[in-house]
Amino acid sequence: MSDDNKDDTGAAGSEEPRRGARGGDGRREEAPRERVIRTPSPARDKELLAEGDISAPAGAGEQLDEASAKRAERVVATFFLLAFAGSVGFIAYYIGWSGRDGGMHGVDRARESNFWLGGMMALSFLALAIGVTIWVRRLMTSKPIIQERHLPAADEETRAGFNEDFMEGAVDSGITKRPLLRRTLLLASAPLGLAPLVLLRDLGPLPEKKLRSTFWAKAVEEAHKQGKKGVRLVVDGTNRPLRVSDFSSPGSMITVLPEGIEEHVPEEQVLTETAKAVTILINVPADEFKPAKGRENWHVNGIVAYSKICTHVGCPAALYEQTTHHILCPCHQSTFDATNAAKVVFGPAARPLPQLPLSVEDGYIVATSDYHEPIGPSFWERG
Amino acid sequence: MRRITAWRRRPWAGYAVVLAALAAIGAIYAGFSPQTGRAEAEGTAAAAQDLGNGKQLFNKNCASCHGLNAEGTKDAKGKPIAPSLIGVGAASVDFQVSTGRMPAMNPGAQMPRKEPIPPFDTSIKTDYEEKEKREAAEKQKAQAEKNLADLRAYISSLGNGPDVPPASAVDPKTGDVALGGKLFRTNCAQCHNFTGQGGALTGGKYAPPLNNSDVTPTQIYEAMLTGPQAMPVFNDTTLTPKDKQAIIAYLVQTREEPNPGGNGLGRIGPVSEGLAGWLIGIGLLVLAAMWITAKKPKKLKKP
Amino acid sequence: MSQTTAPQSVDASLNWLDDRLGSTTFMKRNLKKVFPDHWSFMLGEIALYSFIILLLTGTFLTLWFQPSMQEVVYNGSYTKLNGVKMSQAYASTLEISFDVRGGLLMRQIHHWAAVLFMASILAHMLRVFFTGAYRKPRELNWLIGIGMFTLGMLEGLFGYSLPDDLLSGTGLRITQGVTESIPLVGTYLYMFLFGGEFPGQDIVPRLFTIHVLLIPGLILGMVTAHMMIMWHQKHTAMPVKNQTEQQVYGYPFYPVFMAKTGAYFLFTFGVLALMGAFVQINPIWLFGPYDPGAISAGSQPDWYMGVLEGALRIMPNWEISAWGHTVSFNVLIPATVPLGIIFTGAAVWPFVEAWVTGDKRHHNVNTRPRNAPVRTATGMAAVTFYGMLWIAGANDVLADKFHLSMFGITWFFRVGIFIGPYLAFVITKRICLGLQRKDANIIGHGEESGIIMMSPDGRYSERHEPAREEKRVTILSKENTRPEAPAKDARGIPAPGSKGPLGHLRSRLNRAWTFDDIPVEEHEHGEHGEGGHGGVEGRESRPLSR
């Protein structure tokens, strides 16, 4: 590498491509004897930009025309004054108006405050920015200058010198000569790097069987203990248990939870349990419903329950079309067929939504067991 | 300060609200109350006459698709063209006809919302200056309301179904907004988006937007009750009338709430925000960069 | 240049510092440092200034924000949510928006600055790529840039998750689902990240610390390194008059560049304030508190995560279940492959290009995109790839706004993701070569002058005039490709680069890079010996490549 650098030092600037004409035929019109019959403005006049000028400062080292400079100065000063007014307005609004009637509370006052504070702030910054830009463009007289670029690399001698010093130090330290020292040092530092990783172990519990059951299991177990057939389904949001007759309109859909999830779960666990137990209840017209094998008695006259958690990455798949009986996940458009055990019709999800076995007890819709498979996205141990 | 604030809230917004309120009051006054009063006052003979009118309207506007007896029709392959209307109830008729979805112009993936056809257009303008014009319009509107009521009565007479909710059940002011928000996000937002801007369904269908100009509280109620087109049904025993009113309250208050942060960008979430970031943010800053580094125009240069 | 001496106060304090730090030597050397000018050089500055604004507004927000998932019942200024259970994080974000004066403004500026930060990094990277500014000696800064973009994505995702509203919870839910799908360790990582099952009580405080401390610290370090390297190496210049490999032409840092960049900082802050005041972003009060059973149509991430979102959406549902284990390719592939291709590709590109072209020289003058057709075409292919995935992430919005079939759109992108980049490559390369041909014409035959000539035999023709000097310098900045060094040199020793299968590959790629190059050269004499130009003619004919 270093050789390359050195070698190219001189050539580094040779971007210049004018090399000997290669394959060119030099076709150029012989102008002298020709007659110009029409002369529109030559091409170079069409260029709006001044020739040889690169960006910004007007003067480029020239003396400014004092009259126009005065004008420019006044324009810049006007913008600076505007910026001043903006910041003063900001402070004045904040102190004088934003706190009236006990301060800013609610949508309308937030809207007003956002409008004035933000507007004043924007005015102030933009006016300053415009002022400075005009100042640079119209008033600064700096000349463009040329500076050399240098290759960053050190010369050969310095590199050799460094190498020498480095090796000398290594030899002096004895690390090159004493392998036992070297190896035990490496050995000692390896576990040291692992130690912080070990520390992270207590970030969370091990997965164990947690992902395999939901609150439905606990609730059903509780119900069985009381001699009941299953746990009732309550409407998410109103906690109203549902009778079969309540949910008799074909094409109905509602989100349900196991009864008691809010009362029997520690408060900080409610969302976590809900995130697994949340279920959609759908009334598919009985004549269109095709129960899967082994699940013939999991529905009640076409009333069927599926996990609301998509098997793709876990969004609530809740978009039910009663005409096509598609259940669609609004996040990634996985589509499931509600009439056919929630089999995947389209989209990235690979597995059907798990189905919850339903039955009737005292006229209420009840779940007779937990889901028979883990709900939600796939994972390695899922099987 | 107050004056400036009022100015900022755009003068026409106030007029629009006032106009809308006037129109609503007018509609209720001229429409519902006399109608029901009259219906109660007059006897069964009038009712029979109304049913006759409803049947006539049905035959003229609906029977071509739904069949002469409202039994629904199927194409040659047995695929339904139009569903049976026996037992759909008055709420369904009111929703479909008053939002202009029915009579449908041409069968497609989804019937779009449009202006109701003239015999059923109850939202026509009546606030004309000239007395004659105003009276004519008012008469036409009354007729449209009667037509709609007659059609509802006729369809109800074929088989019982959900009825049109009373005005008190859809009053957005008395609903429980907090509960409504929760129910809306759990049951409605997945299709209609978190502020009711609508969203996509499969096969070119879509959940329509629920803005002020799209749907009235009564129509929201009816839609939940009857599940028009692809929308699922939320009957009164699943989501009680109180729950429905809560949802209506939430939705109506949300759509009337101003955007405190400035332009709402359609309230559809990060897609329009990203677009605005690139177009407005990067766009303005690129313009600024071009200005800062621009060469001087020739005319400004000292000769 | 100043005729007068500096004011006493300035002079004294500088001397005070100089006595202790020796700073005046440094400042003397750098005060007049030349900065080449071009509008596209300021794209990176947007990112720098947005970052500063992010730090300022972010600090403001932390004064009120409570990173806690403790459940509270809201009772505050936003009356529509009164009586609703929510996390403290969400409640405190509502407080910032509706009770802290200027809080909503700061929140909005913070979010807009994040959007602009990422957007300007991407725009800046595109500028660097298409002008070849990543070439030696600037590969390190290119890599740092890629690192900052990646960190920025994470930083944005975590910040988006903090308010614990419905949208951010949905984002976390997807993050969780993706984590869970990782083979072997997925469930463990998931449990460790969330401190138990989703959503648990830990994720918001954890993300908060990472969002306000760890990642900003890393980015700050990288920004510093990026700036120092840039300062040390000097900025690249556009191929215009007076800019050569050995010299840089432009205005001095003090006062011109300082004023310009200062003005640009003010513009950035001004535009962000403008957006914060008049364009609403992330209205968390409308989304409502997070509820695992609720979802909104059109739940999307911020734009820079849109690529991943799009990839997740268009992926077919491949999943393998065998021997009691499940591997979800439908999640793993979209989560890793597209961005893997883009980031890894971008990171190795400078080195692959140097290897293929054999160009190990320093480059301080940028290339015009047309003069490196393969690079430009590859860049456009990558842009198409990225762009398609990005738009696919909004397929539901497209389906809704244009009433198209959602499945149809998905299929369009499933196919387009393969065909689109290929088409972009071919078309871009053609355009580049066409532009090269035009350049060759201008240099070879001059520009059309609009002057019609009649020749003695009565034919009309248009007179061509040599192009303006500026234009000629720009066009002639093209470095025509040299024929590959012969496989064996004069002494019969094989060239080191073409041995073995790798060498073969290299020379084939080299041919692909160069074979259709259109030489742009002058046929006239004269103009030689201009500073920094003709002097190296002799060296040029030597194969410089190795």
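# Exercises on a predicted three-chain model

Chain B has 11 helices and four strands. The model is predicted, and the exercises below work through chain B, chain C and the contact of chain A with chain C.

## Exercise 1. Confidence and burial in chain B

Task: State the mean pLDDT of chain B, and find stretches where pLDDT stays under 50.

Solution.
- Step 1. Chain B has a mean pLDDT of 80, with 81% of its residues at 70 or more.
- Step 2. One stretch under 50 is residues 30–42 of chain B, where the model has nine contacts beyond four places in sequence. Residues 298–303 of chain B are also below 50, and this stretch has nine contacts beyond near neighbours in sequence.
- Step 3. Of the 303 residues in chain B, 42% are buried.
- Step 4. Taking contacts in chain B between residues at least 6 apart in sequence, 64% join residues at least 24 apart.

## Exercise 2. The domains of chain B

Task: Give the bounds of domain 1 and domain 2 of chain B, then describe the contact between them.

Solution.
- Step 1. The domain assignment places domain 1 at 44–164 and domain 2 at 166–258.
- Step 2. Between the C-alpha centres of domain 1 and domain 2 of chain B the distance is 22 Å.
- Step 3. Domain 1 of chain B gives 15 residues to the contact and domain 2 of chain B gives 14.
- Step 4. On the side of domain 1 that touches domain 2, seven residues are nonpolar, six polar and two charged.

## Exercise 3. A UniProt region in chain B

Task: Describe the span that UniProt lists as "coiled-coil region" in chain B.

Solution.
- Step 1. The unreviewed UniProt entry gives residues 125–154 of chain B for this name.
- Step 2. In the model, residues 125–154 of chain B are 80% helix and 0% strand, and the end C-alpha atoms lie 27 Å apart.

## Exercise 4. The listed binding site

Task: Where are B:C188 and B:H192, and are they buried or exposed?

Solution.
- Step 1. Under "binding site", the unreviewed UniProt entry lists B:C188, B:C191 and B:H192.
- Step 2. B:C188 is in the loop between α7 (177–187) and α8 (189–192) of chain B, while B:H192 is in helix α8 of chain B.
- Step 3. A residue is buried if 20 or more other C-beta atoms lie within 10 Å of its own. B:C188 is buried because it has 27 C-beta neighbours inside 10 Å. B:H192 has 23 such neighbours inside 10 Å, so B:H192 is buried.
- Step 4. Apart from neighbours within four places in sequence, B:H192 contacts B:G198, B:G199, B:A207, B:L210 and C:A297.

## Exercise 5. Chain C and its contact with chain A

Task: Outline chain C, then describe how chain A touches chain C.

Solution.
- Step 1. Chain C contains 19 helices and eight strands, and its C-alpha trace spans about 95 × 75 × 60 Å along its principal axes.
- Step 2. Buried residues account for 51% of the 546 residues in chain C. For contacts in chain C between residues at least 6 apart in sequence, 73% join residues at least 24 apart.
- Step 3. Chain A brings 110 residues to the contact and chain C brings 128 residues. The largest share of the chain A side, 18 residues, comes from α4(A).
- Step 4. By class, the chain A side has 57 nonpolar, 28 polar and 25 charged residues.
- Step 5. β2(A) pairs with strand β4 (residues 247–252) of chain C in the antiparallel sense, over four bridges. In β4(C), C:Q247 stands opposite A:E148.

Conventions:
Residues numbered from 1 in each chain as written. Chains lettered and ligands numbered in written order. Predicted model: local features only at pLDDT ≥ 70, side-chain atom pairs only at ≥ 80, totals over all residues. Contact = placed C-beta atoms within 7 Å. Helix = DSSP H or I, 4+ residues; strand = E, 2+ residues; numbered from the N terminus. Nonpolar A, V, L, I, M, F, W, Y, C, P; charged D, E, K, R; others polar. Pairing = 2+ DSSP bridges. UniProt positions renumbered as here; feature names shortened; annotations may be inferred. pLDDT = per-residue confidence, 0-100. Buried ≥ 20, exposed ≤ 12 C-beta atoms within 10 Å, placed from the backbone. Domains from an automatic or database assignment.
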